[in-house]
Amino acid sequence: MAKTKAPAKRGRKPAAKKPVESAVPAAVAKATNAVEKAVAAQSKQKERVTAAETKLKQAKVKAAGPKATAATKRSVATATNAVKTQKEKLSELTQKVAEAKKDLKIAELKARIEATAAKAEETVKTYAKTLADKAEADLEKALTKFASQWRSKRDKQDARKVKARTTAENKKVSAASKKVESSIKSLEAKPAAKRGRPAKASAPAKASTAPKKRGRPAKATTAAKASTTAAPKKRGRPAKATTAATTAAPKKRGRPAKATTAKAAPKKAAAKKTAAAKPSAAPKKRGRPAKAATTAAKPAAPKAAPKKRGRPPKAAAAKPAAPAPAPAAEEKKDSSES
């Protein structure tokens, strides 16, 4: 029985082997092959020359014998020509061998130059790599040294800057502390404010201020207005001013004289009599007349302060009002004396 082949195993194909690079350069290998071919051709041609020479000897021996013929003599000439031709070819092949050997020598020298250049290039690369590694090491050392020097110099500069900034900030703190201390002293000197609506203004004899109260303050009142109130303001032209004792002076043309009011002098009774007996009536002025004055020459009521929003100011102590004269009583006294 014939043997059957085992089935081929499936799997990964082996990787193709890379051709090993020969140490001999390509030009040298080519020249060597040319020399070998020339030497082989020369060897074969030498064999041919040897064979031709052998035939020539045999032809000469036959031609020298007693039974030599013309054909034998012609064979000697033919063998001689063959030897000559083979020797010429051998000479050409020998020249080729010499040229091939010369080319091989040149290729070897060129290969040596290329090898020297490659070796020099490799040496330069190795030297450059060594220098680069050394430069990296030196750079690390230099950076470490520079970093330490730079840090020490920078620390000194920063210390000077921090000192200057500390001095400036201390000056600011001392100035602010002085301001705050002065504010504290002023606050300690002032009494604490009380909350709530302030009390009504007290009598002139009382010098103490009323406590401050919350809310809308009461209307300000004076000692002179305790008994009487100001007359309400009327719209339109007011009535003519009249006095109790005398009548108004006749109307005069032209610019009126300046108005003079009777000054009350409570200290002397004589001055009071003259002022009550001869009151000078104000002349009539052109235009809207002044507000009507009362016979008692009471001081005009002060206008109420405009209403303000927010917390009202502290109520000031009311000043004692001047005693109002009593003109009516004086007139009665003058009439009784007359």
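**Exercise 1. Find how many residues helix α2 has and how far helix α2 reaches.**

Step 1. Helix α2 covers residues 70–189 and has 120 residues. Helices here are DSSP runs of H or I with at least four residues, numbered from the N terminus.

Step 2. From its first C-alpha to its last, α2 reaches 172 Å.

Step 3. Set that beside the expected span, which is 1.5 Å times one less than the number of residues. For α2 the expected value is 178 Å, and the helix comes close to it.

A note on the model: it is predicted, so local features need pLDDT of at least 70 and side-chain atom pairs count only at pLDDT 80 or more, while totals for chains, interfaces and linings use all residues. Residues are numbered from 1 along each chain as its sequence is written, and side-chain values use heavy atoms, with hydrogens and water left out.

**Exercise 2. Name buried residues of α2 and state what they pack against.**

Step 1. Apply the cut-offs: buried means under 20% relative accessible area, exposed over 50%, and partly exposed in between (1.4 Å probe, protein chains only).

Step 2. The buried residues of α2 include T72, V76, Q86, L90, L93 and V97. Also among them are A100, L104, A107 and A111.

Step 3. These buried residues pack against α1, residues 26–64.

**Exercise 3. Decide whether Q42 and Q45 are buried or exposed, and list their contacts.**

Step 1. Q42 sits in helix α1. Q45 is found in helix α1 too.

Step 2. Q42 has a relative accessible area of 12%, so Q42 is buried. Q45 is at 3%, so Q45 counts as buried.

Step 3. Now look for contacts (heavy atoms within 4.5 Å). Leave aside neighbours within four places in sequence: Q42 then contacts L90, L93, T94 and V97. With residues up to four places away not counted, Q45 touches Q86, K89, L90 and L93.

**Exercise 4. Which residues form the largest nonpolar core?**

Step 1. Recall the term. A nonpolar core is a set of buried Ala, Val, Leu, Ile, Met, Phe, Trp, Tyr and Cys residues joined through side-chain atoms within 4.5 Å.

Step 2. The largest core has 9 residues: V28, A31, V35, A38, V97, A100, L104, A107 and A111.

Step 3. The elements giving two or more residues to this core are α1 and α2. The most comes from α2, with 5 residues.

Step 4. Take L104 as an example. L104 touches V28, A31, T32 and V35, not counting residues up to four places away in sequence.

Step 5. A second, separate core has 6 residues, including A52, V76, A79 and V83.

**Exercise 5. State how many salt bridges the structure holds, and examine K87, K129 and K172.**

Step 1. A salt bridge is a side-chain nitrogen of Lys or Arg within 4 Å of a carboxyl oxygen of Asp or Glu. The structure holds 5 salt bridges.

Step 2. K87 pairs with E53, with the closest N and O atoms 3.3 Å apart. K87 lies in α2 and E53 in α1, so the pair ties together parts 34 residues apart in sequence. K87 is partly exposed at 41%, and E53 is partly exposed at 30%.

Step 3. K129 meets D133 at 3.5 Å, N to O. They are 4 residues apart in α2, about one helical turn. K129 is exposed at 56%, whereas D133 is partly exposed at 44%.

Step 4. E169 meets K172 at 3.9 Å, N to O. Both lie in α2, 3 residues apart, about one turn of the helix.
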